[in-house]
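Biologist: I am new to this one, so could you walk me through how the two chains meet? Let us start by looking at the picture together.

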Amino acid sequence: MTTPEVLKYTQQTGDFSKMLASIPYAGTIGLMCEQFGDDLIFRLPRKQENLGNPILPAIHGGVIGGFMELSAAIYLMMSQDALRMPRIVDFSLDYLRAGLDRETYAECRLTRQGNRVANVMVTAWQKSRAQPIATARAHFLMED
Amino acid sequence: MNDEMRFGRVSRFVSTLAQAGELGIEVTEARENRLILRLPYSEKIIGNPETRVIHGGAITTLMDTASGSVVICALPDFELCPTLDLRVDYMRPAEPDQPVFARAEAYRVTRNIIFTRCEAFQESDGQTIANCVATFMRIGKEATPKAYRDLITGDVE
């Protein structure tokens, strides 16, 4: 589990290895995260086990969803001063293009942070940021 | 088409999805317009090692697979239908060490769009873990290579 120490370390160093190691599902799909100044870019490297449709071939829609969902949760944790575990309430995902068998990226935006609920927008793309493969919106309940 | 054929088609389809195999997703029941899939509990889908609760992403994959596969139970011919959108509401965390089931239904089929709903639950108490509604676009069976269609319908020996 992400502890207050791990969060603090990640916020100070921009090294996500400890935080990601604390979330087994992140390792299963292979999620990575990099910090550029204040911005976070989430990365999902190519992985055979993540595929769904074998014809295109394309990444399983559920993996794209899980990647975006987990990106939003990590983004939210990083945006807080103290550790508050985000608990997902709902998740709404629009698939815009097939997610082909190549590296995928995601970025998040905090649309609204209330006392208890946060609304996050997520965009995922592959070859070009201008051509997103999916957009999503999630509500999280923030637990102290 | 009878339920045995539906079960065969859906099982063969799910077995071609690498991620479904990775998570161990299996078909439990297939009927006209209805389908139940099973996601076994495993360490690799845990979101929080302290509570050992499954990450929402794995539930999303289960429900996306169930919703996408129930389309097969709703159409006479096999056709791949891309997902347009998916909305998941999380009711409660799944109990660790127990499989999660997804019961999906295709409740409206039109010439262009298929509407589905899906519920994730566990056997122990039957309470809903998550609800999902999704829409799929029909692009016609010709958009899918014949060899793959034959593989799913079982027309290859």
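Modeller: Happy to! One term first: two strands pair if DSSP finds at least two bridges between them. Keep in mind as well that this is a predicted model.

Biologist: Good to know. What ipTM does the model score?

Modeller: For chain B, the mean pLDDT is 95, and 99% of its residues reach 70 or more. For the model, the pTM is 0.96, and the ipTM is 0.95.

Biologist: Which element gives the most to the side of chain B that touches chain A?

Modeller: In the contact between the chains, 34 residues of chain B meet 30 residues of chain A. The elements of chain B that give two or more residues to this side include helix H2 (18-23) and helix H3 (56-70). The most, eight residues, comes from S5(B).

Biologist: In which sense do strand S3 of chain A and S5(B) pair?

Modeller: Strand S3 (residues 85-95) of chain A is joined to S5(B) over five bridges. As a place to look, Ser92(A) stands opposite Arg87(B). The sense of the pairing between S3(A) and S5(B) is antiparallel.

Biologist: Which are the edge strands of the open sheet?

Modeller: Twelve strands form this open sheet, and in its order S3(A) is followed by S5(B). On average, neighbouring strands are turned by 20 degrees against each other, direction ignored. An edge strand here pairs on one side only, and the two are strand S1 (32-36) of chain A and strand S1 (26-31) of chain B.

Biologist: Now the helices. Is H4(A) roughly parallel or roughly antiparallel to H3(B)?

Modeller: The axes of helix H4 (residues 61-78) of chain A and H3(B) come within 8 Å and cross at roughly 155 degrees. Angles over 145 degrees count as roughly antiparallel. Therefore H4(A) is, relative to H3(B), roughly antiparallel.

Biologist: How many polar residues does the contact of H4(A) with H3(B) have?

Modeller: Among the residues that make the contact are Gly61(A), Gly62(A) and Gly65(A) of H4(A), with Gly56(B), Gly57(B) and Thr60(B) from H3(B). By class, three residues are nonpolar and two are charged, while the polar ones number nine.

Biologist: And at about what angle does H4(A) run to S3(A)?

Modeller: H4(A) lies across several strands of chain A, including S3(A), together with S5 of chain B. With respect to S3(A), the angle of H4(A) is about 140 degrees.

Technical notes: Residues are numbered from 1 along each chain as its sequence is written. Chains are lettered from A and ligands numbered from 1 in the order in which they are written. This is a predicted model: local features need pLDDT of at least 70, side-chain atom pairs count only at pLDDT 80 or more; totals for chains, interfaces and linings use all residues. pLDDT is the predictor's confidence in each residue, from 0 to 100. Two residues are in contact if their C-beta atoms, placed from the backbone, lie within 7 Å. Helices (H or I, at least four residues) and strands (E, at least two) are DSSP runs, numbered from the N terminus. Axes are lines fitted to C-alpha atoms, for helices over the stretch in contact, and angles run from 0 to 180 degrees between N-to-C directions. Angles under 35 degrees count as roughly parallel, over 145 as roughly antiparallel, 65 to 115 as roughly perpendicular and the rest as oblique. Ala, Val, Leu, Ile, Met, Phe, Trp, Tyr, Cys and Pro count as nonpolar, Asp, Glu, Lys and Arg as charged, and the others, Gly among them, as polar.
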